[in-house]
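These notebook entries record what I looked up in a structure that was new to me. I set them down in the order in which I followed them.

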Amino acid sequence: SMFPLLKNGDIVYFQKIHFKNININDIIIFKQNNRYITHRVIYKTDIYLITKGDNNLKVDLKVYKKDIVGKLEKVERDNIEFHPELFYQ
């Protein structure tokens, strides 16, 4: 879970990003087990990322380049837009 940064009903906007441009603390959207997940990058190698929901106790499985959809750019909630980098848990 990315609560309180992301809540049910939020509209998320993302942008395509090259793997080499992804940084620790970026929030990315990736596909895993036929689900789209939006979590924060907490570790990066040349081959994969480790991500975790801000409110989760455990980290996710390895995220590989082919699974990455994009980087979270902005969130819309109740017709108000905000940028996620302004909030860090």
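Entry 1, on R40. I first looked up whether R40 is buried or exposed. With a relative accessibility of 5%, R40 counts as buried, because the limit for that class is under 20%. I note at once that the model is predicted. R40 is a residue of strand β3, which covers residues 35-44.

Entry 2, on the partners of R40. I asked which residues the side chain of R40 meets. A polar atom of the R40 side chain lies 3.1 Å from the backbone oxygen of N25. I also found a salt bridge between the side chains of R40 and D54, with 2.8 Å from N to O. This pair links distant parts of the chain: R40 sits in strand β3, and D54 in the loop between β4 (48-52) and β5 (63-64), 14 residues apart. Side chains of opposite charge can pair when their charged atoms come close.

Entry 3, on the other salt bridges. How many salt bridges does the whole structure hold? My search returned 5. One of them joins the side chains of R77 and D10, at 2.7 Å from N to O. R77 belongs to strand β6 (residues 68-77) and D10 to the segment before β1 (11-15), so this salt bridge ties together parts that are 67 residues apart in sequence. D10 has a relative accessibility of 16% and therefore counts as buried.

I then looked up the pair D26 and K71, which form a salt bridge with their closest N and O atoms 3.6 Å apart. D26 is in the loop between β1 and β2 (27-32), while K71 is in strand β6, so the pair ties together parts that are 45 residues apart in sequence. I recorded the accessibility of each partner: D26 is buried at 11%, whereas K71 is partly exposed at 23%.

Entry 4, on the strands paired with β3. I returned to β3 and asked which strands pair with it. β2 and β3 run antiparallel and are joined by 6 bridges. Within this pairing, Q32 has R35 of β3 as its bridge partner. The two strands form a hairpin with 2 residues between them. In its turn, N33 has a positive phi of about 55 degrees.

β3 also pairs with β4, again in the antiparallel sense, over 4 bridges. Here I found that the bridge partner of Y43 in β4 is I50. β3 and β4 form a hairpin as well, with 3 residues between them.

Entry 5, on a surface patch. Which residues form a nonpolar patch on the surface? I found I42, Y43 and V59, with about 270 Å² of accessible area together. Both I42 and Y43 lie in strand β3. Y43 counts as partly exposed at 44% relative accessibility, and I42 is partly exposed at 37%.

Entry 6, on the surroundings of I42. I set aside the neighbours of I42 within four places in sequence and looked up its remaining contacts. I42 is in contact with I24, I50, T51, K52 and V59. I also noted the separation of I42 and G53: they are 11 residues apart in sequence, and their C-alpha atoms are 9.7 Å apart in space.

Closing entry. I began with R40, which is buried at 5%, and ended with I42, which lies in strand β3 and is partly exposed at 37%.

Note on methods:
Residues are numbered from 1 along each chain as its sequence is written. This is a predicted model: local features need pLDDT of at least 70, side-chain atom pairs count only at pLDDT 80 or more; totals for chains, interfaces and linings use all residues. Side-chain values use heavy atoms; hydrogens and water are left out. Buried means under 20% relative accessible area, exposed over 50%, partly exposed in between (1.4 Å probe, protein chains only). A polar contact is a pair of N or O atoms within 3.5 Å; within protein, one must be able to donate a hydrogen and the other to accept it, and residues adjacent in sequence count only if both atoms are side-chain atoms. A salt bridge is a side-chain nitrogen of Lys or Arg within 4 Å of a carboxyl oxygen of Asp or Glu. Patches are made of residues with over 30% relative accessible area and no salt bridge: like charges are joined within 9 Å, nonpolar side chains (Val, Leu, Ile, Met, Phe, Trp, Tyr) within 5 Å. Accessible areas come from the Shrake-Rupley method with a 1.4 Å probe; for residues, only the protein chains shown count as cover. Two strands pair if DSSP finds at least two bridges between them. Contact means heavy atoms within 4.5 Å.
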